[in-house]
Amino acid sequence: MRKVSVAVPVPFLDLLTYSVPDGLPLPPVGGRVRVPVGPRVLTGCVVEYPSEEIAGEIRDVIEVVDHEPLLPPDIVALCRWVADYYLAGAGDAIAAAMPPGARRKATSFRTKRVAALTALGSDPSSRTGSPGLTPKQNEALEVLSGSASGLPISELRERGISSDVIGRLAARGLVTIRAEASERDPFERAVMSDPPPSIRVLTTEQSQAFEQLAALADAGDFRVALLHGVTGSGKTEIYRRLADRARHAGRQTLLLVPEIALTPSVAALFRATFGERVAIQHSGLSDGERHDQWHRIRRGDVDVVVGTRSAVFAPLTRVGVIVVDEEHDTSYKQEEAPRYHGRDVAIVRGRGENALVVLGSATPSMESYQHALSGKYARATLERRVLDRPLASVRLVNMREEYADQGPDAVISRQLAVAVEDRLQRREQVLVLLNRRGYATAVFCRQCGDTFECPNCTISLTVHTARQGWQARCHYCNYAMTVPRQCRKCAAPYLEHAGFGTEKVEQHLRERFPDARIGRVDRDSIRRKGALTSILSRFAAGELDVLVGTQMIAKGHDFPRVTLVGVISADVGLGVADFRAGERTFQLLTQVAGRAGRGERPGEAVVQTLYPEHYSIQLACRQDYASFFERELGYRRGMRYPPMVALVNVVVRGRSFDEAMSMATQLTQRLKPISATAGFMILGPAPAPLVRLRGEHRVQFFLKGARRADMRNALRAMLAETPEIRRKITVDVDPLNVL
Ligand code: ADP
Ligand code: ZN
């Protein structure tokens, strides 16, 4: 009997086995099939041909959708690694690699498709010979006969010819429909101040790093290399050269960037070298765009793919170089199932496809730098900015002194205000960072002390400016309410705001510099599709003087006219109960300071903080990565935290706290005997920092040990015994966010 193992799109489910009835062809691995799952029929993906005999009744495949693999075999293997390593369901992992719309029965090409006459359709005699054509169908053939290369279906629709009509003609063999790559839209939105040059003479330092990496790429074996280059050292140019080298060797390049907003400018730079043979993959594209780009990649029409995290699954089949730019960035970690880390998946992909994996950063993660020091990764270094531009000089402002002088409501220090004024006069640009959105972080009653907490989460509501008055919103579940004029408890009219976010900084700047053109970038200001690129383009074009924002403005951007970066509260991230807080703060400050002085004029950063003596802040100001790494590693070693050990975080959710706690206690009891022999520790259970989230109660515990495989096996055994708890727990391997 012919059998297939199928990943179906049902959360947490492992592979299911089906038999292929005699009337159907054997579907390929990586191809889709329609299969019964319970009472439903779903589209799944064939993952392997099972070797073992399966006991019990096996149901039949209903339909074979793809006769050629939709996913390349290497990608199927990569998804299986993801499912295994991150303890995710097989279908969840496969779904991460599928193009949009793949779950529908046939690949949908509704948008950006082009219809053209076939030989049969362009022959008038065969046309009249086709009985029963409707007037509309005849009209469509008429319109199409006027255009040899065909017409987009969207355009036909505008002429009153529906896709249905075209579909019927296609079914009769009179018309073909082909996918036309829709590069136009994704590439149009490039954020560039100047058009990118096609090629550049490398600096000496760049050449050395490039030669070193190129030699590794030429060897054609799997290798990981850390490209540790200060901000503005010209790493992107090296990636472009490597991609060019790979192309000459007949291989392709996959380039991952941490943020959607960075893809257009990087892609535009690559287009200057590779022309049409560049594709973009990220979740900000419309389904139609993503789908078309995906199929261009799958057909092998591109040499380079630029994309965010999920692009690590792009269906390239000849990858020679994989670049993970800003490899330290936490947005590479997916915070929903499958909870993979894009950088780590990229490394596994490189191993599977014998590629060179380049991890680029000015502030490498502790993990990557440690591997570079130990020799596990190769290392190339860029110590200087291109053209000998100096790194930004950094000034620390102690806000405690500022409060003493200006009063406790000070938002912008006098030093920062003077520096902004100075840039405005010189017509230079300013970035102002505060990594906290909203207007105020809390509301409370001055009389009775009542605060506004989210009814669903243990978190206070953030105040936002709204059309009428104030709105209080939960940043976790989106619960929102209008802030009343009086206290809900005691009716006193003394409601006050505490703390502040980007909206308030923007307001302060507007009051202080009424003539300045000010924009804001945070998750609230960019809700509308295209809003982010629009603001960034205006800033790049010099139509804005000051850009206020969260960490979104700190990453990767290259705005040559920025000469000043202000950091409002450098210590926002330090108060978080997270052993990575120091590392994150160091990275954020170094990166944001790295946005200043990238053009001809030197840059300066003014950093406001309550803890000017904290080592993360001090060393970021000196841009001293090596010292930071040493210091941080000492702390991690002392506390036995990653990268010294591996962590797995398990969150148990319940309708009540007691339910969650007792479930978590049972689980840890069951794991204890295994942990003793396998050599890992169990920490907890304990209430999660966000003990209530979206109405659920949360208790968490950690597994901590040297070998991930042992911890995974223990968890897998536990889950196999009690599959019903799968829906109540979240397992996060190598967690970055443990709230
Ligand atoms: P990084 O990613 O290392 O922060 P970028 O790749 O963004 O740096 O490069 C910083 C700036 O230097 C960009 O404006 C880029 O166009 C420019 N640049 C890079 N290489 C060269 C070069 N060899 N000569 C002149 N300018 C360069
Ligand atoms: Zn909430």
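## Surroundings of ligand 1

Around ligand 1 there are 17 residues, of which Val201, Gln206, Gly232, Thr236 and Asp558 come nearest, a residue being near a molecule if one of its heavy atoms lies within 4 Å of it. This is a predicted model, in which local features need pLDDT of at least 70 and side-chain atom pairs count only at pLDDT 80 or more, while totals for chains, interfaces and linings use all residues. Residues are numbered from 1 along each chain as its sequence is written, chains are lettered from A and ligands numbered from 1 in the order in which they are written, and side-chain values use heavy atoms, with hydrogens and water left out.

The shell around ligand 1 divides into five nonpolar, seven polar and five charged residues, where Ala, Val, Leu, Ile, Met, Phe, Trp, Tyr, Cys and Pro count as nonpolar, Asp, Glu, Lys and Arg as charged, and the others, Gly among them, as polar. Helix H10 (residues 235-248) gives the largest share of this shell, three residues; helices (H or I, at least four residues) and strands (E, at least two) are DSSP runs, numbered from the N terminus.

## Polar contacts and burial

Oxygen atoms of ligand 1 take part in polar contacts, that is, pairs of N or O atoms within 3.5 Å. A polar side-chain atom of aspartate 558 lies 2.4 Å from an oxygen atom of the ligand, a polar side-chain atom of lysine 235 lies 2.9 Å from one, and for glycine 234 a backbone N or O atom lies 3.1 Å from one. Taken alone, ligand 1 exposes 570 Å², and the protein buries 85% of that, the areas coming from the Shrake-Rupley method with a 1.4 Å probe.

## Helices H9 and H10

Helix H9 (residues 204-219) packs with H10 at an angle of about 35°, their axes being 10 Å apart; the axes are lines fitted to C-alpha atoms over the stretch in contact, and angles run from 0 to 180 degrees between N-to-C directions. In H9, Gln206, Ala209, Phe210, Leu213, Ala214 and Asp218 meet Glu237, Ile238, Arg241, Leu242 and Arg245 in H10, with contact meaning heavy atoms within 4.5 Å. By class, this contact has six nonpolar, one polar and four charged residues.

## Backbone features

A cis peptide bond with omega of about -10° joins alanine 337 and proline 338, and proline 338 is found in the loop between strand E13 (319-325) and helix H13 (342-352). Leucine 387, although not a glycine, has a positive phi of about 55°.

Notes: A polar contact is a pair of N or O atoms within 3.5 Å; within protein, one must be able to donate a hydrogen and the other to accept it, and residues adjacent in sequence count only if both atoms are side-chain atoms.
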